[in-house]
Amino acid sequence: MRKLFIFALCLTALASCNEGAKKTENAARAERDSLNQVIAQKDDEINDMMTTLIDIEDGFREITDAQNRVTLAKQGEGTNSKQRIAENFQYIQSMMQQNKDLIAKLQQQARESSIKGDKLKKIIASLQEQMEKKDLQIAEMQAQLDLKDIHINELNNEINTMQDDARAMKSENDAQAQKLQEQDKQLNTAWFVFGTKDELKKQQILTKDGLFSKSKILQGNFNREYFTKIDIRVDRDIKLYSKDAKVLTSHPASSYRLTADANKQLILRINDPIAFWSTSKYLVIQVK
């Protein structure tokens, strides 16, 4: 009995040890997860601030390059030189504002970040100092340009006027080109129709004044919708789907010929479009 009691005590002690070890392990895991979460958060914050820093550095480089372009343009003469100066000044002003916004963003990121340190504060202070120096450089450059009677605002207005004029001219040229295209299309458009004698009469394409009078072609109010429109520069062959055909409208005989395909169906082949369509832009063919 005593042995059983001692054995039970041992089992209880062992269970208690296992439970304690499990609690210790869970606590260690929770602490490790919390630490990893903190590390991941700091990594995200660092990456965000590094991205902003890189954008600011790129902005300063772009501003410096534009300043150099202004310096080179000042050495030139004429409207083109002034236009390049104005365009680069516009770009500089845009990039300056962008960099100021990015520095403000970096300051906000630093305030909200869990990363605290003097080094970050020094970096931001250095960037602000660079920004102030750039402001002074731009103001000095503006003053130098004013001495040379190169006023950026006036140039910007001139450039805007030139751009408006260019857009108006382009619009006018486009309209003129469209008009010429339409005219060209009309000049190179023709209409043809083929049908039996009864079909042509029904559409008023072929008419007679009296029983014994000669048939008239395209006289009066004929049905223009019955014709097919073609481009005379492209369409040279007209399939007639008949073994017997006669051209009723007047076209130079040497400008076309009627040939048969493999099924002995006739095709009108126009070998000289200019001559063929010179007499009429309407072609009427009677088939059987």
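What share of the 288 residues in the chain is buried? In this predicted model, buried residues make up 28% of the chain. The fold is built from six helices and nine strands. Among contacts with a sequence separation of 6 or more, 69% join residues that lie 24 or more positions apart. The exposed area of the chain is about 20000 Å². Carbon and sulfur atoms supply 52% of that area.

Charged side chains were examined for pairing. The structure holds five salt bridges, and three of them are described here, beginning with one in helix H1. Helix H1 covers residues 2-74. Within this helix, aspartate 58 and arginine 61 are three residues apart, about one turn. Their side chains meet in a salt bridge, with an N to O distance of 2.3 Å. Both partners are partly exposed. Arginine 61 has a relative accessibility of 46%, and aspartate 58 has one of 30%.

A second pair is found in helix H3, which runs over residues 118-147. Here glutamate 129 and lysine 133 are separated by four residues, again about one turn of the helix. The salt bridge between their side chains has an N to O distance of 3.8 Å. Glutamate 129 is partly exposed at 44% relative accessibility. Lysine 133 is partly exposed as well, at 48%.

The third pair consists of aspartate 231 and arginine 233. Their side chains form a salt bridge at 2.9 Å, N to O. Aspartate 231 has a relative accessible area of 23% and counts as partly exposed. Arginine 233 also counts as partly exposed, with 44%.

Unpaired charge was considered next. Which lysines gather in a patch of positive charge on the surface? The patch comprises Lys197, Lys201, Lys208, Lys214 and Lys246. Residues qualify for such a patch only with over 30% relative accessible area and no salt bridge. Lysine 201 lies in helix H5, residues 197-202. Its relative accessibility is 34%, so lysine 201 is partly exposed and passes the 30% cut-off. Lysine 246 is placed in strand E6, residues 245-247. With a relative accessible area of 54%, lysine 246 is exposed. This value is over 50%, which is why lysine 246 is classed as exposed and not as partly exposed.

Lysine 246 also takes part in contacts that are distant in sequence. Apart from neighbours within four places in sequence, lysine 246 touches Val284, Ile285 and Gln286. Valine 287 is 41 residues away from lysine 246 in sequence. In space, the two residues are 6.4 Å apart, C-alpha to C-alpha.

A nonpolar patch was also located on the surface. Ile46, Met50 and Ile54 form this patch. Together they have about 260 Å² of accessible area. Methionine 50 belongs to helix H1, the helix that also holds aspartate 58 and arginine 61. The relative accessible area of methionine 50 is 43%, so the residue is partly exposed and meets the patch cut-off of over 30%.

Backbone geometry was inspected last. Most residues other than glycine have a negative phi. Two exceptions are described here. Leucine 218 is not a glycine, yet its phi is positive, at about 55°. This leucine is found in the loop between strand E3 (216-217) and strand E4 (228-231). Is leucine 218 buried or exposed? Its relative accessibility is 19%, and leucine 218 therefore counts as buried, since the limit is under 20%.

Lysine 264 likewise has a positive phi without being a glycine, in this case about 65°. Lysine 264 sits in the loop between strand E7 (256-260) and strand E8 (266-270). At 58% relative accessibility, lysine 264 is exposed, because the value is over 50%. Both residues with positive phi are thus in loops between strands, but leucine 218 is buried, whereas lysine 264 is exposed.

Methods:
Residues numbered from 1 in each chain as written. Predicted model: local features only at pLDDT ≥ 70, side-chain atom pairs only at ≥ 80, totals over all residues. Heavy atoms only, no water. Helix = DSSP H or I, 4+ residues; strand = E, 2+ residues; numbered from the N terminus. Buried < 20%, exposed > 50% of the residue type's maximum accessible area, 1.4 Å probe, protein only. Contact = heavy atoms within 4.5 Å. Areas by Shrake-Rupley, 256 points an atom, 1.4 Å probe, with all protein chains shown as cover. Patch = residues over 30% accessible without salt bridge, like charges linked within 9 Å, V, L, I, M, F, W, Y side chains within 5 Å. Salt bridge = Lys/Arg side-chain N within 4 Å of Asp/Glu carboxyl O. Lys, Arg positive; Asp, Glu negative; His and termini not counted. Charge placed at Lys NZ, Arg CZ, Asp CG, Glu CD.
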